[in-house]
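Visitor: I would like to learn how to read a strand pairing and an aromatic pair. Can we work through one case at a time?

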Amino acid sequence: MDEKLRILLCEDDENLGMLLREYLQAKGYSAELYPDGEAGYKAFLKNKYDLCVFDVMMPKKDGFTLAQDVRAANAEIPIIFLTAKTLKEDILEGFKIGADDYITKPFDISILKARIRNLLANRKKIREALLSDNPPAQDVTYTNTLDREFMEKILALIDECMEDPEFSINNLCAKLGMSRSSLYNKLKALTDQAPNDFIRIIRLKKAAELLRSRRYNISEVAAMTGFPDSSYFSTAFKRQYGMSPRKYLSEEPG
């Protein structure tokens, strides 16, 4: 991989932790190892990671508490738990907290690699699907119910206020009860887009859908998607689709 993906690894078993770190680094990841949840959380607050792997039973701060703290920081980062706790109740508790995956010890280290690869690939698919016309954003498959609920709520709010040209990140934050920084971090993690950019992209996706219906002219579509200025609408549309609304309309089959 061209740019190494960064993994936060928290494991109090020194031998296992070092083995995991070396294995992941050999597979092309940048893995940082911390011996307890407290040290791991401090590292999380200071750095940017692509994925977390937490042991559950650790000193100072256990994996479940660490995951709750990470989620409270409004980070939609994938989390994998490693644990010797195999009871159904423990596993359910892990998923309730917001884990994306749960691997019980002992385990084949190659399984961890496969789970990491699948989780990161799924995040990439989510981003692509949310920002493309096919499949619709509502059909995206999430591994984490928190991700799904968050995105479904945002998409519903944008759709509800589609015609309002004044609708922006401030309105979205107010309706979600979130700060600008929290919304930015969560949305950026899931879509790789800043909130205002994401709102514009969703507006333009709707505009393309309306144009394809051939029921409205370009000015009507612009107004229906929150672009009172047709000139700005055409510029934004061309930037996203590589052609003007008029050309897009002419190339779409009737």
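Guide: Start with two strands. Strand 1 (residues 6-10) pairs with strand 3 in the parallel sense, over four bridges. Keep in mind that this is a predicted model.

Visitor: What is the general idea behind such a pairing?

Guide: Strands of a sheet pair through backbone hydrogen bonds, and the sense is either parallel or antiparallel. Now take single positions. Leu-9 has Val-53 of strand 3 as its bridge partner. For Cys-10, the bridge partner in strand 3 is Phe-54.

Visitor: How many bridges join strand 3 to strand 4?

Guide: Four, and these two strands run parallel. One position to look at is Asp-55, which stands opposite Leu-82 in strand 4.

Visitor: In what order do the five strands form the sheet?

Guide: The order is 2-1-3-4-5, in an open sheet with parallel pairing. Strand 2 (30-34) and strand 5 (101-104) are the edge strands, and each pairs on one side only. Neighbouring strands are turned against each other by 20 degrees on average, direction ignored.

Visitor: Which way do the side chains of strand 3 point?

Guide: The general idea first. In a regular strand the side chains alternate between the two faces of the sheet. Here Leu-51, Val-53 and Asp-55 point one way, while Cys-52 and Phe-54 point the other way.

Visitor: Is strand 3 mostly covered or exposed?

Guide: Mostly covered. Strand 3 spans residues 51-55, and five of its five residues are buried.

Visitor: Which helices lie across these strands?

Guide: Helix 3 lies across strands 1, 3, 4 and 5, and runs at about 170 degrees to strand 4. Helix 5 (residues 109-130) also lies across strand 1, strand 3, strand 4 and strand 5. The angle of helix 5 to strand 5 is about 180 degrees.

Visitor: Now the rings. How many aromatic pairs does a search of the whole structure find?

Guide: Eight. A pair of rings is described by the distance of the centres and the angle of the planes. Take Phe-64 and Phe-81: 5.1 Å centre to centre, with 70 degrees between the planes, an edge-to-face pair.

Visitor: Where do Phe-64 and Phe-81 lie in the chain?

Guide: Phe-64 is in helix 3 (residues 63-72) and Phe-81 in strand 4 (residues 79-83). The pair links distant parts of the chain, 17 residues apart. Phe-64 counts as buried because its relative accessibility is 11%. Phe-81, at 0%, counts as buried too.

Visitor: Why is the pair of Phe-237 and Tyr-248 edge-to-face?

Guide: The ring planes stand at 80 degrees, so the pair is edge-to-face; the centres are 5.2 Å apart. Phe-237 belongs to helix 11 (residues 230-241) and Tyr-248 to helix 12 (residues 245-251), so the pair ties together parts eleven residues apart in sequence. Phe-237 is buried at 0% relative accessibility. Tyr-248 is buried as well, with a relative accessible area of 9%.

Visitor: Which residues form one aromatic cluster with Phe-237 and Tyr-248?

Guide: Phe-227, Tyr-232, Phe-233 and Tyr-241 join them in that cluster.

Visitor: One last ring. Where does the charged end of Arg-6 sit?

Guide: Over the ring of Tyr-49, 5.0 Å from its centre.

Methods
Residues are numbered from 1 along each chain as its sequence is written. Side-chain values use heavy atoms; hydrogens and water are left out. Rings of Phe, Tyr and Trp (its six-membered ring) pair if their centres lie within 6.5 Å; planes under 30 degrees apart count as stacked, over 60 as edge-to-face and the rest as tilted. Buried means under 20% relative accessible area, exposed over 50%, partly exposed in between (1.4 Å probe, protein chains only). A charge sits over a ring if NZ of Lys or CZ of Arg is within 6 Å of the ring centre and within 35 degrees of the ring normal. Two strands pair if DSSP finds at least two bridges between them. Axes are lines fitted to C-alpha atoms, for helices over the stretch in contact, and angles run from 0 to 180 degrees between N-to-C directions. Contact means heavy atoms within 4.5 Å.
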